[in-house]
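The briefing below goes through a predicted model, taking charged pairs, nonpolar cores, cysteines, a helix pair and a loop residue in turn. Please read it alongside the sequence and the coordinates.

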Amino acid sequence: MSNFCFRQAISFFRILICGLVLLFSFSSQPLYAEHQSEQSVQVTQAWRDQNLTAVEIDWLKAHPVLKMGIDRAFIPYEWLDENGRYRGMSADIIELISQRLQIAIEPVTDKSSWSEVLEAARSGEFDLMSCLVQTPERSEFLSFTEPYLISRAVIIGEQSRGYIGSLDNLKGKTVAIHTGHYTNELLRQDYPEIAIINTSTLAEALRKVAEGEADAFVGDVNAASFMMKHEGIINLSFSGQTDYKSEFRIGINKDNPQLISILNKAVAGISEAERQAVFEHWQQFRVPAGISVQQLLSYLPVVIVILGLLLYWHLRLRRSEQAHRVSEARFRNLVDSTDGIVWELDFDSLQFTYISANAVRILGYDIEEWKRPGFWVEHMHPDDKVWTVQYCIETSRRHKDHDFEYRFFKKNGDVVWLKDVVSVVLEHGRARWLRGMMFDITDQKQAEILVRESELKFRELIESLPAIAVQGYDEARRVIYWNKASEALYGYTSEEAIGQQLEDLIIPEEMRPVVIDLHTRWVENGEAIPPGELDLKHKSGRLVPVFSSHVAMHSSQQKHEMYCIDISLEEQRRANAELTRMAHYDPLTQLPNRRTFADRLQQQMKHVNRDGTQLVVMLLDLDSFKEVNDSLGHDHGDLLLIEAARRLKQCVREVDTVARLGGDEFMIILEGLSDLAAVERVAEHILQQMGEPFLLLQHRAYVSASIGITIYPSDAMTLETVLKNADQAMYAAKEKGRNRYHYFTPEMEIQAQKRRLLVHDLREALEQQQFELYYQPIINFRDGSVQKAEALLRWTHPKRGMISPVDFIPVAEETGIIRELGEWVFDEAITQSAHWHDQYGIDLQMGINVSPIQFRDDRQEQGRWFRQLQDRGVSARQCCIEITESLLMEAEGDAAEKLLALRDAGVEVAMDDFGTGYSSLAYLKHFDIDYLKIDKSFVSNLQPGSADLALCEAMIVMAHKLGIRVVAEGVETEEQKNLLIGAGCDFGQGYLFGRPVPAREFARQWLEADVVDIS
């Protein structure tokens, strides 16, 4: 008990002495006296006379009072306290300047915000501004002195996290910065890997770090230091430097050019000691004045008597406590030299009687919780509780100081390792109190555990455990050991690896110089090779991700050996990839989520800006989805969304993006599709797919879609505007009746309307039989007879007249109308062929153009064509199907089978527009093409000795070698005809012989005479 009283007395003694000193210093000697002494006036008078010119002094006399703009809340540099007084570092510097210049500098305090202060300075309301960082914008209306305060931006972290060092060590971590601080912009520019949390105030940013919501704070050292003390934040400490700094200057109204020189001299005249005094003044805690000097002096005799009694008591206690001097010395040393938790507990009850305040920060429990009976034992780890308490009690009963390590639960549930260094305090020959210090040694224990585990793993690895690859290398980097796991990881057997150089086996070529250098420095200088993640080379050449660590050993011959322990990271990387996918994809539909969509859209916008293309963005909302969700339940609604996502992905290309924003809204990015027809084809396909019934378990649901379409950069220049435009266009689609798409751009909407009108007219044309077939003769060059004719589709619109196939055929193909139209053409042409056969008794082969869409359509039944030929008594040889080169190149699956079925049925096949596509000769032979039709682009410029003639001759020779006959299209002159005949061409077609004409006119010109002489 005497020891405890002694400790309390010493503490009281120290507090009393410190209080006296502080009270004396704050009562009798303020940092800057408000009333200058006569000597101070003389000094400042002398300074002004010695340092300023007569002109400058006269200027000051003419301006005895200067108005100064200030920031009311720029703590600790300047602010107004609760009494409206101007305080802070800048205030003290301004006071020094005011004394030297012997003028009054009055802060203007009627501005409510910093922006209002700056605006007032711009309009010339102030003579000067107190504490500014110079910027180009401010330099337009202010002149600036040299800096009088320089403050660096530092790193502040939570003490238990350890020293951070530099901004590089914060990459991938979170930093708190208050909004408006200049480090915001600098960090985003220089360290994009650092995540920034912006807070409204400096105090809030510091609390984020103190409470573990951010890894560190980056900002002004003076402001942070002051705020930590002001807010009572005690668990933060300085953790590193940055290269960023602020230079605070005085800003002067440009109407006062004389003042800039005066203030620069005044700033230069402030000594380093004066600056340091200002700095230290505002970096210390303020002790509130509560006792006057007169009161303190009146109590001084009593204090002196008490101090005398304490000193006498201290001497008595030292004599009686001689046996415990070693324990007390050890305890005091621990308190003075460590940052551990200081504690005292009653030995009989094991109840804490004292715990130092840092226990709250380190372990989380309040002081009162520590003092609760049974607290210490209750919060030990169950596996350590029995032996720890037993060891502590038994050792203390033997009066032995001791230490031990055990696990303990923090208030947040984390398990930490503690080391207790215990001193036993005796009373009447028995243990009465235990005093000690508690250290958090979790990091150390984890390191020890890792070392033990590494040693164990190494021994196990040497015994060929399959999960970890171990290789041994000698001083020359030759393989001396290669376990089974290394064989599995890298593909080389032990026999293949032993004796080979490390760099020749598993080191990629670009890494070899670095690996050789590290190995050489290890052998020659003993420099450890750091562990790390590497991508090493498999025998097959692929890269294998591993975590590689290194163990240095000596052989029996005292030679260096290095063992590499490699662990495959393929599973970990797959897990990381899965985590990344979960963060960027919608868990229900597996589509990219809103965040990923925005990232991709921004990247695509940058790409478009570089190459000058356009980007199409669609916003799709499911019509009537809410009704399905409400009537069938959310589980059925989820199934509908999943199926809708699947259908949407099928409607676009691999390079396009489909994302789910949430609810029943989807976004689509179409890359490189600025052509209106292609965009609308996608939109129509989506509407068609969304209109199909959705089978949801035992229920069938029907929805439709409303689509908004916008184009970047035609409609907008920013991501936000693109999304807004798409949203507006989507709602316009809903307002027009849903189940449709709508463009944001009015001009494109007009074009789309025209196209929709054309599609509408096409459908009406089929119903109202506005189409007609024209026929153009194909002449046999051998005898000039007409043996073939090509059926050509023509559309006479009742209002717009003749519409070119170039305009309506692509639209028919894109909308699928070509299927019905193609069937009508085939039926009409075969019927006409049969009629001519019956009327004129000739077997004229009919060339019928077939769209690739028809061949790719699963619903197109080719057997129907064969039945039509049979029903009308038309021989298969009288029908020639004309296809394009693109179809031949894409002929797979059903399309290939349909081509082969034509051949097997005896229907001949002609390749139209030959030479303009990408045909393969192998395809020509494989599908038994009967005719090649040389495109008119080669025929139109035929001349003797021309390149086109050479190409035509080559095509004709090639075709004949393959047993294929040749038709030349676009023959318009006698010279072209003669050159083609000379080249061996079989047939000719073109205006020289006849234009396409209706059936009646064709019969009159070509069928009523047996043979037409074209020689």
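In this predicted model, the side chains of Glu427 and Arg432 meet in a salt bridge, with 3.6 Å from N to O. Glu427 counts as partly exposed because its relative accessibility is 22%, where the range for that class begins at 20%. The structure holds 48 salt bridges, and some others are set out below, followed by the nonpolar cores and selected local contacts.

**Salt bridges**

- Side chains of opposite charge can pair when their charged atoms come close.
- Arg435 and Glu344 form a salt bridge through their side chains at an N to O distance of 2.6 Å, and this pair links distant parts of the chain, given that Arg435 belongs to strand β17 (residues 430–440) and Glu344 to strand β13 (residues 341–346), 91 residues apart.
- Both partners of that bridge, Arg435 and Glu344, are buried.
- A further salt bridge joins the side chains of Glu405 and Lys445, at 3.2 Å from N to O; because Glu405 lies in strand β15 (residues 402–409) and Lys445 in helix α18 (residues 442–462), the pair ties together parts that are 40 residues apart in sequence.
- The two partners fall into separate burial classes: Glu405, with a relative accessible area of 24%, is partly exposed, whereas Lys445, at 9% relative accessibility, counts as buried.
- Beyond these pairs, a network of salt bridges links Glu790, Glu882, Lys933 and Glu969.

**Nonpolar cores**

- In soluble globular proteins, nonpolar side chains tend to be buried together.
- The largest nonpolar core comprises 74 residues, of which Trp836, Ile848, Ile881 and Phe1002 touch the most other members; helix α31 (residues 817–840) gives the most to this core, contributing nine residues.
- When residues up to four places away in sequence are not counted, Phe1002 touches Tyr775, Gln776, Pro777, Val786, Ala789, Trp836, Leu844, Val997 and Leu1007.
- Another core, of 55 residues, lies apart from the largest one, and Trp47, Ile94, Ile97 and Leu206 are among its members.

**Cysteines**

- The structure holds zero disulfides, a disulfide being a covalent bond between the sulfur atoms of two cysteines.
- Cys564 counts as buried because its relative accessibility is 6%, and Cys651, at 7% relative accessibility, counts as buried as well; the cut-off for this class is under 20%.

**A helix pair**

- Helix α3 (residues 54–62) packs with helix α10 (residues 257–268) at an angle of about 105°, and their axes are 10 Å apart.
- Angles of 65 to 115 degrees count as roughly perpendicular, and α3 and α10 are therefore roughly perpendicular to each other.
- On the α3 side, the contact is made by Val55, Glu56, Trp59 and Leu60, and on the α10 side by Gln258, Leu259, Ser261, Ile262 and Lys265.

**A loop residue**

- Phe744 sits in the loop between β29 (740–743) and α29 (746–768), and with a relative accessibility of 27% Phe744 counts as partly exposed.
- Leaving aside neighbours within four places in sequence, Phe744 is in contact with Ile709, Thr710, Asp715, Asn725, Gln728 and Ala729.
- For one of these partners, Asn725, which is 19 residues from Phe744 along the chain, the C-alpha atoms of the two residues are separated by 6.2 Å.

Note on methods:
Residues numbered from 1 in each chain as written. Predicted model: local features only at pLDDT ≥ 70, side-chain atom pairs only at ≥ 80, totals over all residues. Heavy atoms only, no water. Core = buried A, V, L, I, M, F, W, Y, C linked by side-chain atoms within 4.5 Å. Buried < 20%, exposed > 50% of the residue type's maximum accessible area, 1.4 Å probe, protein only. Helix = DSSP H or I, 4+ residues; strand = E, 2+ residues; numbered from the N terminus. Contact = heavy atoms within 4.5 Å. Disulfide = S-S within 2.5 Å. Salt bridge = Lys/Arg side-chain N within 4 Å of Asp/Glu carboxyl O. Axes fitted to C-alpha atoms, helices over the stretch in contact; angles between N-to-C directions. Parallel < 35°, antiparallel > 145°, perpendicular 65-115°, else oblique.
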